[in-house]
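User: I am new to reading protein structures, and I would like to learn how to describe the way the parts fit together. Could you show me the structure and take me through it step by step?

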Amino acid sequence: MERIVIVGGGYAGFTAARELEKHLRPELRRGDVELVLVDPRPYMTYQPFLPEVVGASVEARHAAVAHRTHLRRTRLVDGTVTRIDHAAHQVVVRPRSGAEQHIDYDTVVVTAGAVTRVFPVPGVSEHGIGMKHVEEAVAIRDRLLTSFDQAAVLPAGPERRRLLTVTFVGGGFSGVEGFGELLSLAHDLLDRYPEIHASELQFHLVERSPRILPEVTDRPGRWVVSELERRGARVHLGTGLESATDGVVRLSTGESYATGLLVWTAGNAANPVVATHTDLPVDERGYVVVRPDLRVGTDDVPIDDAWAAGDGAAVPDLAVPRPGALAVPNAQHAVRQGRRLARNLAATLRGRRTRPYVHGSLGVIATLGLGSGVFELRRLVVRGRLAWMMHRGYHVLAIPTWERKARVLAVWLTAAVFGRDVVSLTSVQRPRAAFVAAAPRSTTSILAEGGTPGQETRGAAEPAHVA
């Protein structure tokens, strides 16, 4: 039996598994092939919806596609791959609980993706939060909602100002989209918080390079900056974050201020499992080296039985007439690479020829909050509400499975009638707090304070004795 182990269930891994289930259906039914997917999360995160989760325009669960619901012929392993030993054709897996496991394979598919790139800036690890996972997007949204609740009852002063100050570091797509969506949510909240004035909101977007959205040309990029500034934000271009110690942001320009929310979206880095814990070939950045057909290796030094795709792979971009050009690590490429990888792998198992991955760009598109966006395809640039509608239309079609499409559409239609759902669920991050507060004090703690056994059950709950 041929065992194919897929490392990572994100865009590329999830798509590859679904496609392999289709193309290898006879072999899977006969038991000639076994598919195994290893991932520490039981779902694939549709990251383009994370900004809308931040802005309370999409439910958090709807940005996650459950593996077990949609991968019916794949064995799922809940754990983290800590090493890929291709010489031994084996992956080492650390499950959520239990002993470390060694899973043998005939073919490995590396789709581990990338991780958030964090620089050693003082205070960031203590006060910052990323925006790569659903949990982070929910926390960002709830932090803003809670800050509004707290600020509404405070008098004007440093603490109120801090609570209403938001800082995003990184001007790529995820940073700009998350920033724009959160800014849009904040302005919508003003109608429900008459105690807070729009002038009190302080939104800062910090980008070290002289421009944002490097995938678009200069003119649309400048328009995005002006649009954000028109809505009251401050965009700091050519500016670095020097420190965030004690929640006080210090910029390379010398400016400093206290912030209640610090979101780090300053790019991706190679997954450490791929970069340093495998004998597969990686480039200087730590990404797996692959050939145009997504097999690992080069034409001169091929690696048998190994494939890779997605954000953690250095995939040649044949659509760009420049030697050494690599595909941009984004959702468009990851999904299409996963599909091409599965088809090529199935063809190889059946003794057929593979085809190279060639991607025709569909353009770049970004949301800046409800009713605002930007789209660019070659010389065509669309801005404002039409671009925002195009963004929603594209992504509702792109998110995997009709079930998820229907759920997202239902939320959007409901929000169009009733507005956003702005209930903060920050308490879910401490689910036992209310129970612990209500629980009676333990016998041990009372004895330690000089009480007597049984005293912990007496008090207000004990019926009063009337003489």
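Analyst: Let us begin with contact, which here means heavy atoms within 4.5 Å. Please keep in mind that this is a predicted model. With that cut-off, I140, R141, L144, L145 and F148 in helix 6 meet L182, L185, A186 and L189 in helix 8. Sorted by class, the residues of this contact are eight nonpolar, no polar and one charged.

User: How are helix 6 and helix 8 oriented, and what angle do their axes make?

Analyst: The general idea is that angles under 35 degrees count as roughly parallel and those over 145 as roughly antiparallel. In this case helix 6 (residues 134-152) and helix 8 (residues 173-189) have axes that come within 11 Å and cross at roughly 30°, and the two helices are therefore roughly parallel to each other. The crossing in which helix 6 passes helix 8 is right-handed.

User: Which residues make the contact between helix 12 and helix 13, and are these two helices roughly parallel or roughly antiparallel?

Analyst: Helix 12, which covers residues 385-398, packs with helix 13, which covers residues 402-418, at an angle of about 150°, and their axes are 8 Å apart. Helix 12 and helix 13 are therefore roughly antiparallel to each other, and helix 12 passes helix 13 in a right-handed crossing. On the side of helix 12 the contact is made by R392, V396, L397 and A398, and on the side of helix 13 by K405, V408, L409 and W412. This contact of helix 12 with helix 13 has six nonpolar residues, no polar residues and two charged residues.

User: Now I would like to read a sheet. What is the order of the strands in the open sheet that contains strand 15, and which are its edge strands?

Analyst: The order tells you how strands lie side by side, and two strands pair if DSSP finds at least two bridges between them. This open sheet of three strands has the order 14-15-16, and its pairing is antiparallel. Its edge strands are strand 14 (241-243) and strand 16 (256-258), each of which pairs on one side only. From one strand to the next, the twist averages 35°. Strand 15 (residues 248-251) is joined to strand 16 by three bridges, and R250 stands opposite S256 in strand 16.

User: What can be said about the sheet of strands 23, 24 and 25, and which helix packs on it?

Analyst: Here three strands form an open sheet in the order 23-24-25, again with antiparallel pairing. Strand 23 and strand 25 (380-383) are the edge strands, each pairing on one side only, and the twist averages 5° from one strand to the next. Four bridges join strand 24 (residues 373-377) to strand 25, and V374 stands opposite R383 in strand 25. Helix 9 (residues 218-230) packs on this sheet, where it touches strand 24 and strand 25, and its direction makes about 180° with that of strand 24.

User: How many salt bridges are there, and what does the one between R350 and E27 tie together?

Analyst: A salt bridge is a side-chain nitrogen of Lys or Arg within 4 Å of a carboxyl oxygen of Asp or Glu, and by this rule the count comes to 20. In one of them the side chains of R350 and E27 meet at 2.9 Å, N to O. R350 lies in the loop between helix 11 (331-349) and strand 23 (364-367), whereas E27 lies in helix 2 (residues 25-30), so the pair ties together parts that are 323 residues apart in sequence.

Key:
Residues are numbered from 1 along each chain as its sequence is written. This is a predicted model: local features need pLDDT of at least 70, side-chain atom pairs count only at pLDDT 80 or more; totals for chains, interfaces and linings use all residues. Side-chain values use heavy atoms; hydrogens and water are left out. Axes are lines fitted to C-alpha atoms, for helices over the stretch in contact, and angles run from 0 to 180 degrees between N-to-C directions. Angles under 35 degrees count as roughly parallel, over 145 as roughly antiparallel, 65 to 115 as roughly perpendicular and the rest as oblique. A crossing is left-handed if the near helix is turned anticlockwise from the far one by less than a right angle, and right-handed if clockwise. Ala, Val, Leu, Ile, Met, Phe, Trp, Tyr, Cys and Pro count as nonpolar, Asp, Glu, Lys and Arg as charged, and the others, Gly among them, as polar.
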